[in-house]
Amino acid sequence: MLKLLLSLGVVLAAPVGAETVLVTADRMVDVVAGRLVERPAILVTDGRIVRVGTQGSVAAPAGAKVIDLKGLTLVPGFIDMHVHLTSEATIGGLQGLLYTDNFWTVMGVANARKMLEVGFTTVRNVGSGNFDDVAIKQAVDGGFVPGPRIVPAGYALGATGGHCDETFFPPSFKAVSRGVADGEVALRAKVREIRKYGAEVIKVCATGGVFSRNTEPGQQQLSESELRAIAEEAHMWGLRVAAHAHGTSGIKAAIRAGIDTIEHASLIDDEGIRLAKEKGTWLSMDIYNTDYTQAEGAKNGVLEDNLRKDREVADVQREGFRKAVKAGVGMVLGSDAGVMPHALAVKQFATMVRFGMTPMQAIQAATLNGGKALGREKDVGAIAPGRFADMVAVAGDPTADVTLLERAAVVLKGGVVVADRR
């Protein structure tokens with residue numbers, strides 16, 4: 001009934017005590033229709049959008065607050081599908097061992113605020129120690145600290161000695177990641193354990209990685225049957241699965257296993273692209289961050305072997321991105337923030353356009369597609385009735401110049417202004 005009333009343009013009375021806000025601007029990007037709307041007016045009650053129309057057709061009820069973003073264009077709040085809030089790009093390599101364990105929790109709180117202030121109102125945190133991402137989510141949701149909506153993964157799952165294990169320590173330390181397991185039964189149990197303590201998405205490392213030790217990006221590190229067991233178990237519990245997969249065989253094994261999003265996809269081949277499109281698998285390809293890591297990594301303490309791997313996959317990954325876009329594969333924005341400073345995640349937009357997307361496609365990847373890939377399209381991803389009033393306002397037309405998204409003038413989360421640079 002609510003959906004029917006909204007579709008008929010009926011303005012419902014606000015619940016007693018609920019805050020009502022009317023947001024107006026010069027333009028709005030309608031990511032569902034793929035077009036610009038002139039002189040929009042968005043009515044918000046208790047953090048969610050009640051009605052979207054144009055100025056004159058939607059009026060502010062008595063007592064409503066009006067947020068007039070004159071001269072600006074509204075875009076849905078950005079969604080970053082691949083972040084590491086508790087990582088710090090300026091502390092690379094072995095330098096991280098100089099800090100106490102809970103230092104990274106504190107950094108995660110600071111980084112969450114940075115991402116919110118540049119326009120990322122929702123992030124998927126794909127792996128952290130000590131369930132730090134769950135803790136930060138709880139603090140943000142409780143109103144104790146500012147930050148985006150966080151979809152936490154807790155510990156990333158992986159094989160013994162693989163990319164998601166602790167690979168920088170000698171045997172005497174006996175350092176093992178809590179997410180490590182071998183075999184289908186053990187990995188199913190890990191899915192249950194990680195979910196038990198707050199994970200809302202399951203992250204798994206299907207291949208080696210760039211910033212681990214003693215792994216190569218192209219190495220497959222879990223069998224297809226192990227990946228399928230993880231996907232089946234997670235889906236049974238209502239969770240989606242993200243697979244770190246640089247290597248060609250690991251990418252295809254993860255897709256065939258039913259995993260929902262492929263992270264990095266650096267060495268994807270034509271068959272992998274075909275499989276992703278056929279299965280409806282989303283690709284999350286972090287094609288900006290190598291610009292930062294190659295320019296600043298050595299200064300930040302990143303080891304040469306890691307920088308070597310970063311160089312080797314960079315151009316191949318970008319060409320794979322171009323091919324996947326051309327083939328019509330579903331794409332989301334995943335920056336890998338933490339490998340580079342979190343505030344720089346907005347530079348992914350221009351890089352996506354540089355390697356084959358239109359500005360509208362890049363915006364949709366970071367909004368509409370992200371909401372769908374999360375399974376939360378009723379909550380985030382568009383400026384539409386029923387969804388959270390998460391919006392970013394920029395000067396000018398971002399569908400003509402996507403770099404405008406790097407300079408958010410105003411950020412709203414749940415209809416509340418959380419950053420204002422006007």
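Which residue in β12 is the bridge partner of T261? In this predicted model, that partner is W282. The pair belongs to the contact between β11 (residues 261–264) and β12 (residues 282–284), two parallel strands joined by three bridges.

Let's step back to the whole sheet. Five strands line up in the order β9-β10-β11-β12-β13, giving an open sheet with parallel pairing. β9 (201–205) and β13 (331–332) stand at the edges with a single partner strand each, so one side of each has no neighbour in the sheet.

Here are two strand pairings next to each other:

| Strands | Bridges | Direction | Residue pair |
|---|---|---|---|
| β9 and β10 (residues 240–245) | five | parallel | V204 and A243 |
| β11 (residues 261–264) and β12 (residues 282–284) | three | parallel | T261 and W282 |

Now for a closer look at β9. Five of its five residues are buried, so β9 is largely enclosed by the rest of the structure. V201, K203 and C205 point one way, while I202 and V204 point the other way. In a regular strand, side chains alternate between the two faces of the sheet. Towards β10, V204 stands opposite A243. The chain travels from β9 through helix α5 (residues 224–236) to β10, a β-α-β crossover that is right-handed.

C205 of β9 also takes part in the one disulfide of the structure. Its partner is C164, and the two sulfur atoms lie 1.7 Å apart. This disulfide links distant parts of the chain, 41 residues apart: C164 sits in the loop between β8 (149–152) and α4 (184–196), and C205 in strand β9. Both cysteines, C164 and C205, are buried.

Technical notes:
Residues are numbered from 1 along each chain as its sequence is written. This is a predicted model: local features need pLDDT of at least 70, side-chain atom pairs count only at pLDDT 80 or more; totals for chains, interfaces and linings use all residues. Side-chain values use heavy atoms; hydrogens and water are left out. Two strands pair if DSSP finds at least two bridges between them. Helices (H or I, at least four residues) and strands (E, at least two) are DSSP runs, numbered from the N terminus. Buried means under 20% relative accessible area, exposed over 50%, partly exposed in between (1.4 Å probe, protein chains only). A crossover is right-handed if, with the strands pointing away from the viewer, the path from the first strand over the helix to the second runs clockwise. A disulfide is a pair of cysteine sulfur atoms within 2.5 Å.
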